[in-house]
Amino acid sequence: MGRRTLLFEDADQADLTKLAEYERVGGYRSLRKALRMTPAAVIDELIASNLRGRGGAGFPMGRKASFLPKPEQSSKPSYLVVNADESEPGTCKDREILLRIPHQLLEGVLIASYAIQAETAFVYIRGEYLTEFEVLQAALEEATSRGLVGGNILGSGYSVSVVLHRGAGAYICGEETGLLESLEGRRGQPRTKPPFPAIAGLYASPTLINNVETIATVPRILAMGGERYAELGVENSAGTRLFSLSGNVARPGNYELELGTTLRELVYEIGGGVPDGRSLKAVIPGGSSVPVLSAAELDTPLDFDSMARAGSMLGSGAVIVIDDRCCMVQLGLRVAQFYQHESCGKCTPCREGVRWLVSILRRIEAGDATQGELDLLLNVCDRILGKCLCPLGDAAAMPVASYVAKFRDEYQRHIDGRGCPFRGSSSLEGVLAPVDQHHAHLRAGIEVPV
Amino acid sequence: MELYDEIQVIAERYPVRRSAVLPALRAAQERHGWLPPEAIREVAEALELTPAYCLAVASFYDMFHLEPVGRHLIEVCTNVSCALRGAEQTLQAFERELDVRAGGTTPDGEVTLRTVECFGGCSWGPVAAIDHRYREPVKPGDVAGILEELIASPALAPEEGDRRGS
């Protein structure tokens, strides 16, 4: 366990944004290998690897690819869609892949496209990632000019085009069906499932959707063989993963770890622990949408099953470290404000419920809440959980409920003491969330509430 | 190239033309600086959609401006990871130096300042984007220098905006 460089192997020694450098360290050899295999054999290799999706849901990638009908079974073309809409708070790992190993991502795109016999692959990249888009676009142009993308690639008879599509600022477009709606030119509101994208996805055609990190791992799996990849990590959590370490930690950054490494090792040995002589209060282990872990739970291994047993999730691999200066009511408020801002408005429990969470949390923080309102807060969480088409509502309710469960006396002290016990000294004091920001008109300086 | 023609080129990339709505709105915004009703109409006409449809799409996404904005845009992330590392203090430094509140535009129309949700720079925060280019980290002490650099650089006229995006 511990650090293990697989995805970023060679990335420290060479500028892998350049095709020549990438090829010099063995790049695009996995593509050549895949093109000599049958598409079904490529999928079998992915199944053997036990690679699970790195976007958050953790679904086995090879199995998902196997759900798509074969070209002869379907009258519609198949599509590959890469989810590069990284926006779960705390997560900045896919960005590093886009910036540093764009060709490895493209190679994965080409192999995965071949496996499902897609003629077109789309990469949906969040609109704010402008530099990242430019780096990937340059890599795509270079690969295209060398015959790696386009018609009859590498003389294999297989043709595929890759389209880079930029988003325009909406967290919900990271949800796969919201992404598909957005890619089809609509508001990014999630669809009902079933049908699942493998059967009716983009343009109602069979579609494989995977996260950037998942796809970038594919060339490594082809190179080393699925069975050998499966030996890395622990049971049900094969391989390595990128963890984005942020918050109150001495050495924040993206770290590639073998799955099963403990949170303690990441936060203390690799991340250098909590700086400024403060003590660790809590850790969010998988992005702001997952339940929090307390300092007592630091020995939990970072793998799918261990996190589930601890009542949380590996999510997007975003580990946010929180020290003792942070008020957990303010944390709940800021997290809920994010999801209120990003709710697409389609399902009532999410649209209305998350707004309720924000207003109750605001009253607790201000010292205006009664005892009954703390119960009401949890009641509203219950009324959101599992009652929406997509996980966004859950993403607000789960963390808030976990903050109350694990730091209940802190919530209680706000009510009993009629105010925040931190008295203005919390690290999140007064943070202005976009949902509270009023847009002022350019002219006349008249403020118009949104 | 006229916007109409630019949108036709964009639309050719997709099996279904409607998929070009987002890049087309972006192209229109780069020309106008924001999305006034005539920009929405131009996009609608080029893609054979209704203006109401295009406005409905545009209003869903944070990067489309349905109100005028300054010639420069400064965005500060105040989500959890950045906030734990002092994003609020960075934001306040911008507010002080620019003498404008977050969400507002300086009276001369030069700079719009706003807070945004997670930018994906969590390990290097606080993150601010200056005309869509990330700076990481931005501490309160960096703000004056960033603004000096910004004011010294020739202000982008909206029609000369960054067109590299698709």
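Here are five short exercises on a predicted model, each with a worked solution.

**Exercise 1. The contact between the chains**

Task: Work out how many residues chain A and chain B give to their contact, and what area is buried between them.

Solution:
- Start with the residue counts: chain A brings 75 residues to the contact and chain B brings 56 residues.
- Now turn to the area, which is about 5200 Å² buried between chain A and chain B. Carbon and sulfur atoms give 54% of that area.

**Exercise 2. Polar and charged links across the interface**

Task: Find how many salt bridges join chain A and chain B, then describe the side of chain A that touches chain B by residue class.

Solution:
- Between chain A and chain B the count is three salt bridges.
- Have a look at A:Glu134, which forms a salt bridge with B:Arg133. The closest N and O atoms of this pair are 2.9 Å apart, and the cut-off for a salt bridge is 4 Å.
- Next come the polar contacts: 29 residue pairs are found across the interface of chain A and chain B, both residues being at pLDDT 80 or more.
- On the side of chain A that touches chain B, helix H14 (residues 328-342) of chain A gives the most, with seven residues.
- Finally, sort that side by class: it has 34 nonpolar, 26 polar and 15 charged residues.

**Exercise 3. The four-stranded sheet of chain A**

Task: Put the four strands of the open sheet in order, then place helices H6 and H7 of chain A against the strands.

Solution:
- The strand order in chain A is S4-S3-S2-S5, with parallel pairing.
- At the edges you will find strand S4 (161-166) and strand S5 (207-211) of chain A, each of which pairs on one side only.
- On average, neighbouring strands of this sheet are turned by 20 degrees against each other, direction ignored.
- Zoom in on one pairing: strand S2 (residues 79-84) of chain A runs parallel to S5(A), and five bridges join the two. Here A:Val81 has A:Ile209 in S5(A) as its bridge partner.
- Now add the helices. Helix H6 (residues 102-116) of chain A lies across S2, strand S3 (120-125), S4 and S5 of chain A, and runs at about 150 degrees to S2(A).
- Helix H7 (residues 130-145) of chain A also packs on the sheet, where it touches S3 and S4 of chain A. The direction of H7 makes about 170 degrees with that of S4(A).

**Exercise 4. The six-stranded sheet of chain A**

Task: Explain why S1 and S11 of chain A each have one side without a neighbour in the sheet.

Solution:
- Write down the order first: S1-S9-S8-S12-S10-S11 in chain A, an open sheet of six strands with mixed pairing.
- Strand S1 (2-3) and strand S11 (293-294) of chain A stand at the edges with a single partner strand each, so one side of each has no neighbour in the sheet.
- For a pairing in the parallel sense, take strand S8 (residues 240-247) and strand S12 (residues 318-323) of chain A, which pair over four bridges. A:Gly247 stands opposite A:Val321 in S12(A).

**Exercise 5. A salt bridge within chain A, and the elements of chain B**

Task: Locate the two ends of the A:Glu23 and A:Arg146 salt bridge, then list the elements of chain B in order.

Solution:
- Over all chains, the structure holds 32 salt bridges. One of them joins A:Glu23 and A:Arg146, with the closest N and O atoms 3.1 Å apart.
- A:Glu23 sits in helix H1 (residues 19-24) of chain A, while A:Arg146 is in the loop between H7 and S4 of chain A, so the pair links distant parts of the chain, 123 residues apart.

Technical notes. Residues numbered from 1 in each chain as written. Chains lettered and ligands numbered in written order. Predicted model: local features only at pLDDT ≥ 70, side-chain atom pairs only at ≥ 80, totals over all residues. Heavy atoms only, no water. Contact = heavy atoms within 4.5 Å. Buried area = accessible area lost by both parts, 1.4 Å probe. Salt bridge = Lys/Arg side-chain N within 4 Å of Asp/Glu carboxyl O. Polar contact = N/O pair within 3.5 Å; in protein donor to acceptor, adjacent residues only side chain to side chain. Nonpolar A, V, L, I, M, F, W, Y, C, P; charged D, E, K, R; others polar. Pairing = 2+ DSSP bridges. Axes fitted to C-alpha atoms, helices over the stretch in contact; angles between N-to-C directions.
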